[in-house]
Amino acid sequence: MSISSSAPWLKYYSEKTPAHLEYPQKTIYQMVKAAADQYPKNIAYEFMGKKTTFSQFMQNIDLVAKAYLAMGISKGDRVTICMPNCPQALCSFYALNRIGAVSNMIHPLSAAGEIKFYLNFSHSKAILTLDQFYAKIAPVMPELDAPDTKLILAKIADELLPHLAVGYTLTAGRKYPQPPKKGNYIWWSEFIHTGKKRDLPLPEFFGKAGDGASILYSGGTTGTTKGILLSNMNFNACGLQTIAASGFAPINGMKMLSVMPIFHGFGLGIGIHTALIGGATCILVPQFSVKTYADLLIKKRPNIIPGVPTLFEALLRAEKLENADLSCLKGVFSGGDSLSIELKKKVDEFLKAHNASVQIRQGYGLTECVTASCLTPKDYNRVGSIGVPFPDTYYKIVKPGTTEELDANMEGEICVSGPSVMMEYVDNAEETAHTLQRHHDSRIWMHSGDLGKMDEDGFVYFSQRIKRMIITSGYNVYPGQLENIIDGHEKVLLSCVIGVKDPYKIQKVKAFVVLRPGYEPSEAVKQEILEYCRGHIAKYAMPYDIEFRPELPKTLVGKVAYRVLEEEEAERQAKEEQK
């Protein structure tokens with residue numbers, strides 16, 4: 001019997017984590033409404049000090065839904081949300097679902113050309129963004145395939161308490177050029193007013209659990225941008241499974257620090273939807289910085305923090321947290337990128353030193369299944385493991401390029417099956433067929449494009465993306481393994497390893513290192529780290545050089561952008577060859 005069919009991981013579930021869950025046949029709007037009906041006076045979200053109850057939130061959603069109807073948006077239409085974590089974005093996400101439309105989630109810091117691509121790709125009939133991004137987006141609007149696409153502009157100040165709104169307008173609000181008084185756009189306030197004035201009836205039918213709810217974006221398994229269509233059931237299943245797997249349900253009344261961006265599966269699926277359907281409060285963070293992060297932890301005392309490893313690395317650098325009491329924390333979850341063994345150790349030590357009774361729990365997932373689908377059990381951490389599958393979710397390891405399941409502890413491609421697995425890649429049947437495959441067990445399995453293994457007990461171990469491999473002198477070198485070793489040095493905070501073109505070895509290994517606070521880059525420190533590496537790394541995989549950086553480049557979701565470092569090195573080499 002295969003590991004995936006016998007599900008040995010179930011014996012490691014806590015008493016609060018059932019093997020199977022009930023999944024209501026509801027839309028994402030209906031799930032949040034059910035929470036609002038149960039906890040009307042709970043705070044649904046807090047934004048820069050302003051609190052909104054679940055009851056008020058549902059009223060706001062209905063107002064926004066009527067505004068979209070008045071604009072001509074109806075069932076099946078797509079609308080792009082190009083926003084940070086703020087109330088207008090949340091209300092739009094659920095309001096569009098209320099009327100059967102599909103949200104298209106993109107990052108507001110995307111380049112103008114990228115925004116044009118996303119709007120055309122999704123056939124969006126409207127885009128919601130902030131006034132500060134008008135100058136970037138307005139010029140591409142007439143160039144769209146559908147030039148009648150509507151542009152809605154919101155202001156951060158509109159959602160602030162009055163005294164803060166004035167201050168914001170006079171300070172941060174002045175940093176950006178204001179849109180012209182007459183332009184091809186509609187202000188959010190006018191948009192809402194039109195909806196109230198026309199007062200169109202909201203649809204009586206909410207839609208089906210299997211209907212598409214939102215499009216998110218990912219590089220997929222081939223590195224090119226793909227739109228991922230996720231259903232109501234995908235989001236709801238992910239939320240219910242996450243609450244169950246956390247082991248501390250119920251979460252109503254708890255506070256989630258929603259710092260991960262809303263355009264990302266982790267931020268939207270867990271930071272927002274999981275919290276809301278559980279009756280918890282989302283503390284919305286529109287812009288991340290180490291300073292604001294530290295302030296929020298001290299002042300708001302959240303109970304749950306989901307984040308990527310670089311967010312937890314920031315914890316270790318936050319001076320304000322030196323004497324902070326973090327006993328409020330009940331769950332600290334890392335996902336979105338690989339958490340090195342050493343970074344976990346450092347964060348756990350930090351949490352313990354600041355009165356937190358919890359350790360950081362690593363999870364794993366992909367946007368193709370909303371976000372997390374695997375999590376370290378509450379009381380059973382295994383060094384290097386990303387945990388065990390969620391309830392009703394199955395993992396198997398297959399020989400890359402096949403559907404052949406491998407035995408325990410053998411490395412291969414990670415495959416996932418369960419109710420959170422995506423509907424499809426939008427308008428890309430070939431890549432959908434490549435990623436979603438029916439195996440001999442009749443289940444549909446999502447081929448992740450990630451390397452990993454599973455032990456006899458069902459604990460999963462992530463190695464890295466299949467494509468992220470360095471081949472040097474004929475040997476396969478996995479950057480993630482080297483980073484884990486380098487991060488183990490007492491003076492290292494964070495590292496990234498890449499392959500650099502070499503005429504003799506094909507590629508050679510180079511490491512980029514950020515030192516821990518209190519240590520300065522020097523040749524002596526470099527040699528000390530290289531000497532440490534020689535004791536832990538095979539000769540063929542040794543870095544030929546270490547370059548110190550004050551920080552490493554990050555992707556829009558906070559992952560270390562190793563491709564940026566690869567491109568920088570390629571450019572540097574090209575210039576040297578031209579000399």
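These legends go with an overview and several close-up views of a predicted model.

**View 1. The whole protein chain, helices and strands together.**
This predicted chain holds 17 helices and 27 strands. Its radius of gyration is 24 Å, close to the 25 Å that the globule rule gives for 579 residues, so the chain is as compact as a globular protein of that length. Along its principal axes, the C-alpha trace spans about 75 × 60 × 50 Å. Take contacts between residues at least 6 apart in sequence: 71% of them join residues at least 24 apart.

**View 2. The surface and the charges of the protein chain.**
The chain exposes about 24800 Å². Carbon and sulfur atoms supply 52% of that area. Buried residues make up 58% of the 579 residues. The chain carries 64 positive and 61 negative charges. The mean positions of these two sets are 6 Å apart.

**View 3. Helix H3, from end to end.**
H3 covers residues 54-71, which is 18 residues. How far apart should its ends be? At 1.5 Å a residue, the helix should span 26 Å. The C-alpha atoms at its ends are 26 Å apart, so the model agrees with the expected span. After H3 comes Gly 72. The phi of Gly 72 is positive, near 100°.

**View 4. Buried residues of helix H3.**
Which residues of H3 are buried? Among them are the aromatic residues Phe 54, Phe 57 and Tyr 68. Met 58, Ile 61, Val 64 and Leu 69 are buried too. So are Ala 65, Ala 67, Ala 70 and Met 71.

**View 5. Ser 92 and its contacts.**
Ser 92 sits in helix H4, residues 87-98. Is Ser 92 buried or exposed? Its relative accessible area is 0%, so Ser 92 is buried. Now leave aside its neighbours within four places in sequence. Ser 92 is then in contact with Val 64, Tyr 68, Ile 81, Leu 128 and Trp 188. Two of these partners, Val 64 and Tyr 68, are buried residues of H3.

**View 6. Ser 448 in strand S21.**
Strand S21 runs over residues 444-454 and includes Ser 448. Buried means under 20% relative accessible area. Ser 448 has 1% relative accessibility, so this residue counts as buried. How far is Ser 448 from Ile 243? Their C-alpha atoms are separated by 23 Å. Along the chain, the two residues are 205 residues apart.

Key: Residues numbered from 1 in each chain as written. Predicted model: local features only at pLDDT ≥ 70, side-chain atom pairs only at ≥ 80, totals over all residues. Heavy atoms only, no water. Helix = DSSP H or I, 4+ residues; strand = E, 2+ residues; numbered from the N terminus. Expected span 1.5 Å × (residues − 1). Buried < 20%, exposed > 50% of the residue type's maximum accessible area, 1.4 Å probe, protein only. Rg over C-alpha atoms; globule rule 2.2 N^0.38 Å. Contact = heavy atoms within 4.5 Å. Areas by Shrake-Rupley, 256 points an atom, 1.4 Å probe, with all protein chains shown as cover. Lys, Arg positive; Asp, Glu negative; His and termini not counted. Charge placed at Lys NZ, Arg CZ, Asp CG, Glu CD.
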